[in-house]
Every structure is written in C-alpha cells, then in structure tokens.
Amino acid sequence: MNEQTAAQGPAVEEIISWAAVDEALKAIGQIKARIDALTAETTQAVDEIKRAFSGAVGPGKEEVKRLEAGMEAFVLAHKEELDGKSKKLNHGEVKLREVSAIPLPEDEKDVARLIARIKEKFKAGGRWKSYVDESPRLNEKAIRSMSDEDLKLVGLKREKQESFSYKVAAVEHHDAPAE
C-alpha cells in the first residue's frame, strides 16, 4: 500500500492484476453485505425502541389531552375569575386571549363556490391568484390577510374567538409522578 497523509485522502491499494481487481470486488461485496446487515439490525432495533417508547408515553399523552380539555372547559366557564386574561396558579399559569379567525367552509362544494366567488370578485389584474393556488385550493394565509371589506365581498367574515393556553411551572424530575 502507498502511504498518504489524512489530508491527501485514504491510502490507495496497489492492484496489479485482473485477479486482484476481482478480489477487491469480492472484498467490497462482503464489506457492503456486512454494512447492509448491520444497517438492517440497527433499523429493526430503532423501530423496536420507537414502539416501546410510543407504548410507554402513549397513555401519558392521552392523559395530557384529557386534562387540557378539562382545563380549557373550566377556564372558559370561569373566565370572569381571571386576572385580566390570565391566572397564575401554584403549578403554572392559564391564559385566554382573543384571536380573530376566518371560518372557511370544509365541504368540497362550499369550497368550490367560495373559490368561484373569489375568482369573480378579484379577477381584475389576476388578484384572485393570491387567494387560490393551482390545485385549486384556498390559500388560507392569504385569505387571513384580506381586509374585512374584501372578506365581505366573498361572503366571509372575521370572527373573534378565545384561545386557551397554559404554561406549566418547571417540574423537577424527582417531583414527577412515577409510573
């Protein structure tokens, strides 16, 4: 073998015959087969770990969803008791904030009618293309940026809604409930 520094790259195997080329091909095939086998074993092990993890955390995630829904329902029912738009508690804080939303139709026929209205009302200069993509599908981000007047033109309106959020105070690992 020729000696080379790391900066020059790997050393080059000196091959001086077709038989040596054939042996090199055999060695490469064996090495790649081992790499493929190890890759398959690793993938299988990772998949098993993911399944175990999912099974272990799944019930906790479902419990969090259940608790979030209960907290939201309670906070909405008792919003007059909030300190402004939030309430600090021992283990965190709950908040309500007002957000604006534009309810869009979900039914395909209603969506098609809305797209037709947008095309009709904003056909001048091709402005409608910013609200409808090639699919054609509604560009919700662009629609949210429409003025209230433009929304009214196509039969939509901005509505105020309350958005619930919460922040959990830091929990020390030893304080977390054991399973």
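Start with Asp-150: in this predicted model, Asp-150 touches Phe-122, Arg-127 and Tyr-131, once residues up to four places away in sequence are set aside. Asp-150 itself is part of helix α4, which covers residues 148-153. Is this aspartate buried or exposed? Its relative accessibility is 14%, and since anything under 20% is called buried, Asp-150 counts as buried.

From there, hop over to helix α2, residues 108-121. This helix has 14 residues, and going from its first C-alpha to its last takes you 20 Å, close to the 20 Å you'd expect at 1.5 Å a residue. Which residues of α2 are buried? They are Val-111, Leu-114, Ile-115 and Ile-118. Look at the spacing of those numbers with helix geometry in mind. An α-helix has 3.6 residues a turn, so residues three or four places apart point the same way. Sight down the axis of α2 and the buried residues do fall within an arc of 100°, so they line one face of the helix. As for what sits over them, the cover includes α3, residues 140-144. The N-terminal end of α2 has a cap as well, and the residue doing the capping is Asp-107. One of its side-chain oxygens lies 3.1 Å from the backbone nitrogen of Lys-109.

Now for the sheet. It is an open one, with three strands in the order β1-β2-β3 and antiparallel pairing. Why do β1 and β3 each have a side without a neighbour in the sheet? Both β1 (86-89) and β3 (159-168) stand at the edges with a single partner strand each, so one side of each is left free of sheet neighbours. Direction ignored, neighbouring strands here are turned by 20° against each other on average.

Take the β1 side to begin with. A hairpin through two residues links β1 to β2, and four bridges join these antiparallel strands. If you want to follow the register, Lys-88 stands opposite Glu-93 in β2, while Leu-89 faces Gly-92 in that strand. Ser-86, also in β1, is worth a look. At 18% relative accessibility, Ser-86 counts as buried, which puts it under the 20% cut-off. Beyond its sequence neighbours up to four places away, Ser-86 touches Glu-93, Val-94 and Lys-95. With Glu-93 there is a polar contact between the two side chains, at 3.3 Å.

On the other side of β2, how many bridges join β2 to β3? Ten of them do, with β2 (residues 92-101) and β3 running antiparallel. Two of the pairings are easy to pick out: Lys-95 has Ser-165 as its bridge partner in β3, and Leu-96 stands opposite Phe-164 in β3. Next along in β2 comes Arg-97. Its relative accessibility is 53%, so Arg-97 counts as exposed, exposed being over 50%. Leaving out neighbours within four places in sequence, Arg-97 is in contact with Gln-161, Glu-162 and Ser-163. Looking back along the chain, Gly-84 is 13 residues from Arg-97, and their C-alpha atoms are separated by 9.7 Å.

What packs on this sheet? Helix α1 does, a run covering residues 18-77, and it touches β2 and β3. The direction of α1 makes about 125° with that of β3. For a residue to click on, try Met-71, which is found in helix α1. Apart from neighbours within four places in sequence, Met-71 is in contact with Phe-164 and Tyr-166. That Phe-164 is the β3 residue that stands opposite Leu-96. Met-71 and Tyr-166 are 95 residues apart in sequence, yet their C-alpha atoms are 9.1 Å apart in space. With 30% relative accessibility, Met-71 counts as partly exposed, a class that lies between the 20% and 50% cut-offs.

Key. Residues numbered from 1 in each chain as written. Predicted model: local features only at pLDDT ≥ 70, side-chain atom pairs only at ≥ 80, totals over all residues. Heavy atoms only, no water. Pairing = 2+ DSSP bridges. Axes fitted to C-alpha atoms, helices over the stretch in contact; angles between N-to-C directions. Contact = heavy atoms within 4.5 Å. Expected span 1.5 Å × (residues − 1). Buried < 20%, exposed > 50% of the residue type's maximum accessible area, 1.4 Å probe, protein only. Arc of directions from axis to C-beta. Polar contact = N/O pair within 3.5 Å; in protein donor to acceptor, adjacent residues only side chain to side chain.
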